[in-house]
Structures are given as structure tokens and as C-alpha cells.
Amino acid sequence: MTETHQAWLAQMESESRAKQEQFMNGIAGRLGHPRLTTAPPHPFRGAPDFWQTFGWSSDERVQQFTDNFEAAGGHVHRLSDMQEVQSFICSKAIELSARYMIHQNEIELNHLQLKEKLEDVVVSQWNSESDEDWIARAAEADIGIVMADYAVSHTGSIVVVSSKDKGRSVSLLPTALIAIIPLERLKTRLGEVLIDFDEAGREQLPAGIHFISGPSRSADIENDLTIGVHGPGVVFVLIVG
Amino acid sequence: MSKTDMKGTTVKGRAELALNDDFLRKAVKFTTERLRDGKRKASDDLGNWEEWRERGRQIRLHTIAHLDYYLNQFANQARLNGVHVHFADTAEDAVKITLAIAERKQALSVVKSKSMVTEELHLNQALESIGVDVVESDLGEYIIQLAGETPSHIIIPAIHKNRYQIADLLSKEAGETLPPDTAILAGFVRKKLREKFLEADIGMTGCNFAIAETGSMVLFENEGNARMVSTVPSTQITLMGMERIIPSWSDLEVMATLLPRSATGQKLTVYMSGITGPRRQEDGDGPDEMHIIILDNGRSLQLGDPEFQELLNCIRCGACLNACPVYRHIGGHAYGGTYSGPIGAVLTPALNKNIDQWDDIASASTLCGACYEACPVKIPLHDMLIYLRRRKVERGLGDKMESIGMRGFAAIMSNSKRYENALKVGKLAQRLVVKDGEITSKLGPLKGWNNYRVAPSLAKQSFRDQWGTMEEEIRHGLQEIDPLVSNRMEEIVRNREAGGKGHD
């Protein structure tokens, strides 16, 4: 099955490559120019000039992020260090009667020692063992905990990227999400984050880059806002520093 | 064919059905006004909206003008990421490829997130025909799937359903009676679809933008279902229109600034996901196999056409629907195609290249230009509607009565004697239908007009009749100017000549 499937994919690919030439020639023909093989100069790349230099102070970034994220229905707390993060998570777990918790396999989160602190809660570390159904572990979790790789105050967004130790499911499947933003990762504009992906280039990009700007929501029933339709319905952001 | 079916075949017929549905009309008006006000507030709050809009237009124009380069780059980069890229000239080709993948994967079930392209393909029916269970996972799409209907708004597909109708539909699915309470209904859907996500063999998505330089695809959504579909099942199939390309992640900042604000008034949708290939070998989640099917289906016909190329700049925000006075009254289903509102009125005939079958869709507009004003990438939709009407007439598909009428109008208007006689005939003839100075008859030549309005009767004494007297008054009246006024005017002139300010 695997071999025949690979053979089939290879067959599809050769058909697709032939089709691709035909497709691009067709487009160039209709556009009335010969096939372009080098990158055309792109004078309008990215945001307008006035925006490229725009930036808020650290305090303004915290304030704007908080206003935007709370307007979207999320909760924001400013904490001074990871010690306070630990107490916050522990008291929240008790308050919400959490039974299952999952966090990314990151050094800052592992150091919180949640497993030891919360004896009644089953705490798992994403992808820390190979023969585990990690999606199921995330799906059963009451709370998922992630470190934000970036945050954007202008849109009130946290940004999480995937890796071996950082599951996409951890910020998606649990009922509640706690995201920790180290203050220095909080930017003003989307463009400050996006430029990093351009500069990193294709080969360095992770499979999943997710901007999250509040709890999952829908207004599909009579325009009546509901929270937590598919993703987490409760989102806490802890800004640290 | 029943009478209702007959009625349903033209925009006018479908609009009549929509206009008779009181709930639909109110719901559409309410929602679109809310979205429109949200957009206005969001664009005002942002500031410099016109500069953002212009930049959005420039990026889209640039990309489309060099589409062969950027699309080719995207396909090559996506392949390097491990994506299986396919090209489909037509809807049939895209369906064939999708079904082949589903059969190869021996898929029993597919979960889909919202994709207008798959609506274009009627993909759900095709998958069901080979025994694959297809579930729409966007809340609104799920509701209309249960109802067996099509989306009536690009952003809020179930805009035409009220909570009681939705409760009925979901109760059938639940096997118990659910109360018409939004939170309970949404909670039921969350639970029900969670099972579907976890057991599905294939996740299917659309694509808001595709980034050429890195071969990444970008999805905007609020519910999290697009993330589910692209994270949980082991195979992902993404369908994208060939024009969805932007060059870089930096360009995404502009699109991310324009799209959510224009669609729902949000600063950013709850989720914006950039997906670059299937899971890396060591990753704990994400699809093992990822396919992207790039669809033409009439899009390339707009390339090189000076009147319609800009259609490909569309970022599918729905702002033109919310701004359109016609859409707000008749709703999406009246347009009869996948895409509704002003963009649908132009896109549907353009993609289908069968202007005769969609002959009346371009007429479902008042040409007021509100769609252009609302468009975040400044597509001149109102001009395009006129081009469509012109092309329809050039192909001899114009309204026969209208062209006969126009010819008659020309003949009468070009000769004053004929016009005078026509007026005389009209004045005599109208006696049969005039009542209290108004004509309300819905018979004869005024039928279309009088369906929704009342025509005034021809004046007893027409402008033409009065012209002789009026001309006389104008020419000679000046001599009889009020002496007071005359004195004042002379005073002003004297004053000005003396160097004073005439008025300040």
C-alpha cells in the first residue's frame, strides 16, 4: 500500500509538473508578456512607509495589548516573574477544577513543576514520549499552557509556532488556554513579527505559525456572539516582566 | 416545471422570493448594517485607511500582473516544503483530483472548513457520490449543510436562518429537542464536531492567501475549525483559486490589516494561521500528507482584459455585499451563483463566461458605487457592471423591448414635431389609467416601474406647452426688475468701482 501510494504520488507529481508549465505559459500569454523567470521588482512590498517606523513604548504596548485582547473577550494579567506565573496557574487550576492539563515541552514551562505542585491534576508535557496519542492528550485537557513566541499589541495577538516540542494542538484543543508572553517578545506591529518569517526563509519556517487574538468565537447564529465554538473558550494571557 | 421553479430562474424571480421572506430581509439588513458599521469604525480607528487601501490595491495589482512568476514560485516552494501541488483548469478537474486523493487514502470521512472555492466545485455532492461522509465545520456552514442549502453571505453563510429554525435542524441531528439558545446550540455543535474532527481521514480547507516566496498558505477564521481541519486529520487538501497569491509575509501585513476590518470590523480574526508544508518528521501533530489544488475555473479569462483583470484582486471580504443597497434587500440566494452581492454580480458571469445565462445578474445593482467605496482593494465594481451590461448588449443579448423602446425614443426625440404628437397621444391615452394624478396600473409598458412605485400622470400643461410663455417672461422679465433690487445692484457695482470690497 505504502509503495503503491508513493508510486501514485510520483505519477501525480509528474502530471502536475507538465500541467504547471502549460498553466504558467497560459497565464503569461494572457498577460501578454514572455514567461517571467526572474523576480519582478516589487516597489510596494509590505505596509505603507508611514507605518514601518511606527512604534509604542513598552508601557503603551502592554496597555494596547491588554485593551485589544480584553475587547476580544480574553483575560490579561501582568506578572513580575515566573514564580508568580506558577502561583497563577496553580490557583486557576484549582478554581476551574481542572483534571487534565497539557503544556508545551519548553524549558520555562517545565521549570514551573506543575506536575509536582498540582497533585490532583494529570499534567502532561507535549511530545515528551514517542508512543503516546498526543492529540488525544490535548483534546482531553481542561487547560493548555504555551509560551508565546511573539505578541502584537496593535492587534492584541499572541503568536505561537510549531516544533517537535511545541504542538499546534496545545493552543487549540483544550477548553481553556494560558499563554505566557515575556515582555521583550511583545511588539507593536504585525510587520515586526512577519518580517522575521521573510528573513528566515522557507527552509527555516515551522509547519504551523498561529496568530491568536482571543477566545474562539462565532456570530453565525443570528449574529449572537458565542465563545468557544471549536477552539478554547477561555484564554488567559500572562505578560511577564 | 412548477411555477416556483420558473420564478427561481432569474435574479428578479429569486429576489421576489427573497423579498417575500420577511425574516430574511430583516436578518440581511440587520447583519449587513452591523458589519458595515463595524468596518467603518475599524477603518476610522486604524487611521490612514485610504493609504492602506491604496497599498492593498498596489500589492494585488503587482501580483496579478506578474502572476506567472509568483504562482510558479509558490508551486515550486510548496513542493520543496513537501506539499503535493496540483493544477486544475476546470471545476471538473479539481473534483477529479480531490476524489482520486480520497479514493487513494480510502477516506470514509472529510471535515471541511469554509471555502468558497469548494462551493464553486459542488465538491460535497461529488464526495458523497463516492460514499465519503462530508461535514462542514464552520458553525454557519454546518447549519446550512443540515438544511441542504447554500451560503447566502460570504462571511455569515447562515444569515438567513433564525435561531428557531437552527434549533429545529440541530435537534434532528441531536435526537433530542434543543432549546433555541445560542450558547446551547453552539455547545452541541462543538461536541458533535469534535468527534468528527478526531475521526476524519481528510481535512479540507480553502486558502485566503498563498505566500509565493516560502510556499506557505494562510487562513483567517474566528472559530478554530480551520485550525482543527489542518491539524488533526492525517491528510490535508487545500483548494485555492490561482489568484490567491501574495509575494511575501511582509505583504501579508497589509492584507491582514484590510481583510478582517473590512469583513467583520475586527482588528484581526481570532486565528490567522500560516501553514508551511505537512508536519515535520519529529512534530507531534499536523497532517502527514498535504495537497494543494490550484484552480483556474475561468479566472485566467480575466487576465489581460483591461476591464475585468482587477476582479482577480478581490480578497473575499464581503464588504461590497454589506454596502450594497440591493444585496441588503434581496439577500445572497437571489443572485443564484456561488458568489453574491456586487462581486458576485460581476464574478459569476466572468467565471462562467456564459453571459447569456446570467443575463440579468448585472442588472441587480443601482450602479451607485457604494461597492467601490467599500472595497479594501479598490476594485471598480460599478464600472464593471456597466461593462457587463454593454457586453451583453453587444452580443445581441439585450432586452428586445428595451432596444426597440430605445430606438423608438431616439426616433421621437430627434424630431420635435414627432415628440409633440407623441405627447398629445400620451395625454389622450393616459385618461384610461390615470387616477388622482397617478398611474398605478401594473399592465402594459409601465409594469416594471409600477411594481414598486407609482408613475405620475403626464402634466396637464407640459413644460413644452409652457415654453412659449416662459421664454417670453425670461426675455422681457428682466426689464421689469424690482426697482429696489435694481438700485441695490447698482450700488454694489459703484462701490466695487470705487475700490471697496463688494462683499466679504
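**Exercise 1. The mixed sheet**

Task: In this predicted model, determine in which sense strand β5 (residues 209-211) of chain B and β8(B) pair, and over how many bridges; then place the two strands in their sheet.

Solution: Strand β5 of chain B runs parallel to β8(B), and the pairing extends over two bridges. In one of the residue pairs, B:Ala210 has B:Ile245 in β8(B) as its bridge partner. Strands of a sheet pair through backbone hydrogen bonds, in either the parallel or the antiparallel sense. The wider arrangement is an open sheet of eight strands with mixed pairing, in the order β8(A)-β5(A)-β6(A)-β9(A)-β9(B)-β6(B)-β5(B)-β8(B). Its edge strands are β8 (186-187) of chain A and β8 (245-246) of chain B, each of which pairs on one side only.

**Exercise 2. Salt bridges within the chains**

Task: Find how many salt bridges the rule gives over all chains, and describe where the partners of B:Glu33 and B:Lys29 and of B:Asp133 and B:Lys196 lie.

Solution: Over all chains the count is 34 salt bridges. Side chains of opposite charge can pair when their charged atoms come close.

Step one takes the pair within a helix. B:Glu33 and B:Lys29 form a salt bridge with an N to O distance of 3.4 Å, and both belong to helix α3 (residues 22-46) of chain B, where they stand four residues apart, about one turn of the helix. B:Glu33 is partly exposed at 24% relative accessibility, and B:Lys29 is likewise classed as partly exposed, at 37%.

Step two takes the pair between elements. The side chains of B:Asp133 and B:Lys196 form a salt bridge at 3.7 Å, N to O. This pair links distant parts of the chain, since B:Asp133 is in strand β3 (residues 133-136) of chain B and B:Lys196 is in helix α11 (residues 182-199) of chain B, 63 residues apart. B:Asp133 has a relative accessible area of 35% and is partly exposed, and B:Lys196 is partly exposed with 21%. Elsewhere, salt bridges that share partners join B:Glu120, B:Glu243, B:Arg244, B:Arg299 and B:Arg316 into one network.

Step three turns to chain A, where A:Arg137 and A:Glu132 form a salt bridge whose closest N and O atoms are 2.7 Å apart. A:Arg137 is partly exposed at 23% relative accessible area, and A:Glu132 is partly exposed at 31%.

**Exercise 3. Cysteines and disulfides**

Task: Establish how many disulfides a search of the whole structure finds, and explain why B:Cys371 is not bonded to the closest cysteine sulfur.

Solution: The search finds zero disulfides over all chains. For B:Cys371 the closest cysteine sulfur is that of B:Cys368, at 6.3 Å, and this is too far for a bond, because a disulfide requires sulfur atoms within 2.5 Å. As to accessibility, B:Cys371 is buried, with a relative accessible area of 7%, and A:Cys90 is buried with 13%.

**Exercise 4. The interface of chain B and chain A**

Task: Describe the interface through its contacts, its buried area and its polar pairs, and then examine the surroundings of A:His42.

Solution: Start with the extent of the interface, in which 115 residues of chain B are in contact with 91 residues of chain A. The two chains bury about 8500 Å² between them, and 57% of this lies on carbon and sulfur atoms.

Next, consider the polar part. Between chain B and chain A there are four salt bridges, including one between the side chains of A:Asp224 and B:Arg163 at 3.7 Å, N to O. Polar contacts across the interface amount to 53 residue pairs, with both residues at pLDDT 80 or more. On the side of chain B that touches chain A, helix α5 (residues 67-80) of chain B gives the most, with eleven residues.

Finally, take A:His42, which lies in the loop between α1 (2-31) and α2 (49-52) of chain A. Its relative accessible area is 15%, and A:His42 is therefore buried. Leaving aside residues up to four places away in sequence, A:His42 touches B:Ile59, B:His62, B:Tyr70, B:Pro247 and B:Asp251. With B:Asp251 there is a side-chain to side-chain polar contact from A:His42 at 3.1 Å.

Note on methods:
Residues numbered from 1 in each chain as written. Chains lettered and ligands numbered in written order. Predicted model: local features only at pLDDT ≥ 70, side-chain atom pairs only at ≥ 80, totals over all residues. Heavy atoms only, no water. Buried < 20%, exposed > 50% of the residue type's maximum accessible area, 1.4 Å probe, protein only. Pairing = 2+ DSSP bridges. Contact = heavy atoms within 4.5 Å. Buried area = accessible area lost by both parts, 1.4 Å probe. Polar contact = N/O pair within 3.5 Å; in protein donor to acceptor, adjacent residues only side chain to side chain.
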